[in-house]
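Colleague: Could you give a close account of how the helices pack in this model, and of how that packing sits within the wider domain arrangement? I should like the geometry and the residues treated together.

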Amino acid sequence: MTVWVRGDHLVRNRGPLARRPNDDVLLVEAESFGRRLPYHPHKLTLVFSAMRHFRDALREDGRAVDYRQVDTFADGLEAHFAAHPEETLVTTEPQAHGSRERIEDIVADAGGDVEFVPDERFCCSREQFDAWTDGGQYRHEGFYRFMRRETGYLMADGEPVGGEWNYDDQNRETPPEDWEPADPPTFDPDETTTAVAEWVETTFDGGYEDQPYGGSWADPEPFRWPVTRRQAVRALDHFVEHRLAEFGPYQDAMRDGEWAMSHSLLSTSLNLGLLLPEEVIERAIAAYEDGDAPLNSVEGFVRQILGWREFLRHVYRREMPELATANQLGAEADLPEFYWTGETEMACLSDVVDGVRERGYSHHIERLMVLSNFGLLYGVEPAQLNRWFHAGYVDAFHWVTTPNVVEMGLYGAGVFATKPYASSANYVDKMSDYCSGCPYYKTKTTGEGACPFNTLYWDFLKRNEDELRSNHRMGLMYSHVDDKGDEEWDAIRERAEEVRTMADRGDL
Ligand code: FAD
């Protein structure tokens, strides 16, 4: 048998590599992967460089590694089975919907056989989750409490440490003006990463114009993400020592030009398998127990990983393939061009999109309350925004991007979101300093210079009244809808049309 390690399963002390310590290893670096979408160059550099570093680390440990650089997986597997006829590969169960079947077909066509072992990069198994839902509805809060009890994380005598399940009331602050977060660590490219980055630049430069909705990324900053286990552990140490304490209070805050705030920047390492969720959680809890980070920060951080990340993975598994194209609000607008170019006068969107162009990253609230919120209010077709997130983000993988964008961001399916995350300029203004430097007026809804978030917010509620009014969580919003008279609605519709025309023309 040979262990086939795929590019987002770079785990050594669990899974097939740990279970079969004496078997040879196969890695297939398939160039065609990079052509599926106009990926951010850092995403491609990250995955391919991490694979090559993983190969080198395994070889240093004395394992025999067959590393195939080919155009497609099929080419790589054909070459492998030509050298090792009728062999059986063992690999990790893939997360992406339909991947298992595709792999089985490709392997069978190449004349071999494949066995799958469970993906052990997560805290909650398929069986655990399915027993928890028991066919019922999904609610994150219930799942999170279940996981706290299952794992015992932040639990004492069957009760949550500190007496509460969450400390959100302490976690909605914005930092004072003179606040300066610790600089996030950077991992300067070594020879391997530099070679990959150059290859990515020459191989995948442009060529996406024929894709539906176009798109490409220009002039990113130097590459900065961890590509080895050692670097990922350093990133975790740095976060826990310098940023975790302030993660909680400022987790929802945004500041112009401050792209990382106190976020961990660990999603790429977790999603590639360079870090395992348990070690990240346990490290954060240890900081709390040692008195180095407050409970509101540590609990908030643990919830993102033990709760949301695990929850969305299983929702994706159970709700695909319908989730990918879900569109319960019938949103059909094309994604405005400025999502690719960053060319908009709106201060929040311009800064956040520039950040994605520069480093393939923005933090959660920017993804949810700026990028998705605008897409939701504007009525962007969910599959289009989903594709953009997939292309633009270094941490994007189907199992995590799709439920976040289609459901959490755009309320596409209504499988776990109980209402859309729709908000006017009010939220952005409360949680950031963007509005003070923006040419649009945060307090205006209609007429020249009105903030598009305001106009589109009311237009969204009116447009989707049939679907949303009966939702009891939307009652307050619709009571404000009812306060508006015909004249005001005419002005809102007129300004909304104007906003759309400006977005189409590229001068919003
Ligand atoms: P932190 O804020 O430091 O949080 C710690 C960790 O918690 C993250 O590294 C991540 O592993 C986990 N986490 C937090 N929130 C979520 C969540 N909603 N879903 C899953 N994991 C979560 N995350 C991705 O990993 N890949 C994506 O492609 C992705 N796309 C998103 C798209 C939208 C529209 C939204 C709203 C969220 C998306 N997220 C995605 C979730 C979240 O925004 C990122 O995980 C987080 O911003 C990564 O930055 P960080 O490591 O600094 O996270």
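Modeller: For the angles that follow, an axis is a line fitted to C-alpha atoms, for a helix over the stretch in contact, and an angle runs from 0 to 180 degrees between N-to-C directions. The model is a predicted one.

I begin with helix α2 (residues 41-60) and helix α7 (residues 191-203), whose axes come within 9 Å and cross at roughly 140°. Angles over 145 degrees count as roughly antiparallel and those from 65 to 115 as roughly perpendicular; α2 and α7 are therefore oblique to each other. Their crossing is right-handed. On the α2 side the contact is formed by Pro41, Leu44, Thr45, Phe48, Ser49, Arg52, His53 and Asp56, and α7 contributes Thr192, Thr193, Val196, Ala197, Trp199 and Val200. Sorted by class, the residues of this α2 and α7 contact comprise 7 nonpolar, 5 polar and 2 charged.

A second pair is helix α5 (residues 126-133) with helix α12 (residues 295-319). Here the packing angle is about 80° and the axes lie 11 Å apart, so α5 and α12 are roughly perpendicular to each other. Arg126, Phe129, Asp130, Trp132 and Thr133 of α5 make the contact with Phe311, His314, Arg317 and Arg318 of α12. The classes in the contact of α5 with α12 are 3 nonpolar, 2 polar and 4 charged.

The third pair is helix α15 (residues 347-359) and helix α16 (residues 364-378), packed at an angle of about 115° with axes 10 Å apart. The two helices α15 and α16 are therefore roughly perpendicular to each other, and their crossing is left-handed. From α15, the residues Cys348, Leu349, Val352 and Val353 meet Glu366, Val370, Leu371 and Phe374 of α16. The contact of α15 with α16 divides into 7 nonpolar residues, no polar ones and 1 charged.

As to the wider arrangement, the protein is divided into domain 1 (2-117), domain 2 (126-187 + 227-319) and domain 3 (338-505). The centres of domain 2 and domain 3, taken over C-alpha atoms, are separated by 26 Å. Between these two domains, 28 residues of domain 2 are in contact with 27 residues of domain 3. The area buried there is about 2500 Å², with carbon and sulfur atoms giving 69% of that area. Within domain 2, Met254, Trp259 and Tyr316 supply 29% of the area that this domain buries against domain 3, more than any other three residues.

Two local backbone features complete the account. The peptide bond from Met320 to Pro321 is cis, with omega near 5°, and Pro321 belongs to the loop between α12 and α13 (322-325). Elsewhere, Glu86 has a phi near 60°, a positive value in a residue other than glycine. The location of Glu86 is the loop between α3 (73-83) and β4 (88-92).

Note on methods:
Residues are numbered from 1 along each chain as its sequence is written. This is a predicted model: local features need pLDDT of at least 70, side-chain atom pairs count only at pLDDT 80 or more; totals for chains, interfaces and linings use all residues. Side-chain values use heavy atoms; hydrogens and water are left out. Helices (H or I, at least four residues) and strands (E, at least two) are DSSP runs, numbered from the N terminus. Angles under 35 degrees count as roughly parallel, over 145 as roughly antiparallel, 65 to 115 as roughly perpendicular and the rest as oblique. A crossing is left-handed if the near helix is turned anticlockwise from the far one by less than a right angle, and right-handed if clockwise. Contact means heavy atoms within 4.5 Å. Ala, Val, Leu, Ile, Met, Phe, Trp, Tyr, Cys and Pro count as nonpolar, Asp, Glu, Lys and Arg as charged, and the others, Gly among them, as polar. Domain bounds come from an automatic or database domain assignment. Buried area is the accessible area (1.4 Å probe) that two parts lose on being put together, summed over both.
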